[in-house]
Amino acid sequence: NRMINAVMEATRLDRVRAERALIIAVSMLCRRLTPEEARDLVAQLPSILQPALERCLDGPDRSVTAQAMTDEIERSIGLDREAAHATLRGVFKIVGDCVAAGQIDEVRGQLPENMKTLLPTSGGK
């Protein structure tokens with residue numbers, strides 16, 4: 001609940017849309033990573049989220065881009081492009097706050113330059 005509440009505050013979305021944005025963003029991020037790195041990331045997230053992410057550990061799927069993530073949030077949540085991009089950044093800020101700095105650095109290391117900017121440069125733990 002704390003993570004969803006933090007996403008709600010960071011994105012200014014209601015609970016249902018904040019939770020959906022969180023699942024979409026992290027699922028797509030996990031698909032972009034190698035299976036091992038995705039598992040390491042998921043292991044550091046709240047246990048209630050983990051079952052929804054288990055099916056996203058078969059990457060790396062290079063079709064997952066920052067644009068694809070923004071498009072999916074825009075379409076699924078009904079936001080305009082600017083709000084969808086801001087939501088994506090807000091979600092990843094909260095993920096960065098919940099995950100060890102070293103893990104975020106490892107995730108960033110697997111991303112192309114234009115996706116690295118979505119994640120904070122260090123985690124909160």
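Where is R12 found? In this predicted model, R12 is in the loop between helix 1 (2-11) and helix 2 (15-32). The legends below start from that loop and then visit a few other places.

**View A. R12 has a positive phi in the loop between helix 1 and helix 2.** Here is a residue other than glycine with a positive phi, near 65 degrees for R12. R12 is also exposed, with a relative accessible area of 75%. That value is over the 50% cut-off, so R12 counts as exposed.

**View B. The largest pocket is lined by residues that include parts of helix 1 and helix 2.** Its volume is about 270 Å³. Helix 1 and helix 2 each supply at least two lining residues, and helix 2 gives the largest share, with 4 residues. If you would like to find your way around the lining, look for N1, R2, M3, I4, R15, E19, L22, I23, P46, I48 and L49. By class, this lining has 7 nonpolar, 1 polar and 3 charged residues.

**View C. S76 is a buried residue of helix 5 (residues 66-77).** The relative accessible area of S76 is 19%, which is under 20%, so S76 counts as buried. The side chain of S76 makes a polar contact with the side chain of E72, at 2.8 Å. A polar contact also joins the side chains of S76 and R75, at 3.4 Å. Leaving aside residues up to four places away in sequence, S76 touches R20 and I24.

**View D. A cis peptide bond runs from G59 to P60.** Omega for this bond is near 5 degrees. To place it along the chain, look for P60 in the loop between helix 4 (50-53) and helix 5.

**View E. C56, C30 and C98 are shown in a structure with 0 disulfides.** A disulfide is a covalent bond between the sulfur atoms of two cysteines. Why is the sulfur of C56 not bonded to the closest cysteine sulfur? The closest one, in C30, is 6.4 Å from the sulfur of C56, which is too far for a bond because a disulfide needs the two sulfur atoms within 2.5 Å. C98 is in no disulfide either, and the nearest cysteine sulfur to that of C98, again in C30, is 14 Å away. As for their surroundings, C56 is buried, with a relative accessible area of 5%, while C98 counts as partly exposed at 22% relative accessibility.

How values were computed. Residues numbered from 1 in each chain as written. Predicted model: local features only at pLDDT ≥ 70, side-chain atom pairs only at ≥ 80, totals over all residues. Heavy atoms only, no water. Buried < 20%, exposed > 50% of the residue type's maximum accessible area, 1.4 Å probe, protein only. Polar contact = N/O pair within 3.5 Å; in protein donor to acceptor, adjacent residues only side chain to side chain. Contact = heavy atoms within 4.5 Å. 1 Å grid on protein atoms, 1.4 Å probe; cavity = no way out; pocket = protein on both sides within 12 Å on 5 of 7 lines; lining within 4 Å. Points joined across faces, edges and corners; volume = space filled by probe spheres on them. Nonpolar A, V, L, I, M, F, W, Y, C, P; charged D, E, K, R; others polar.
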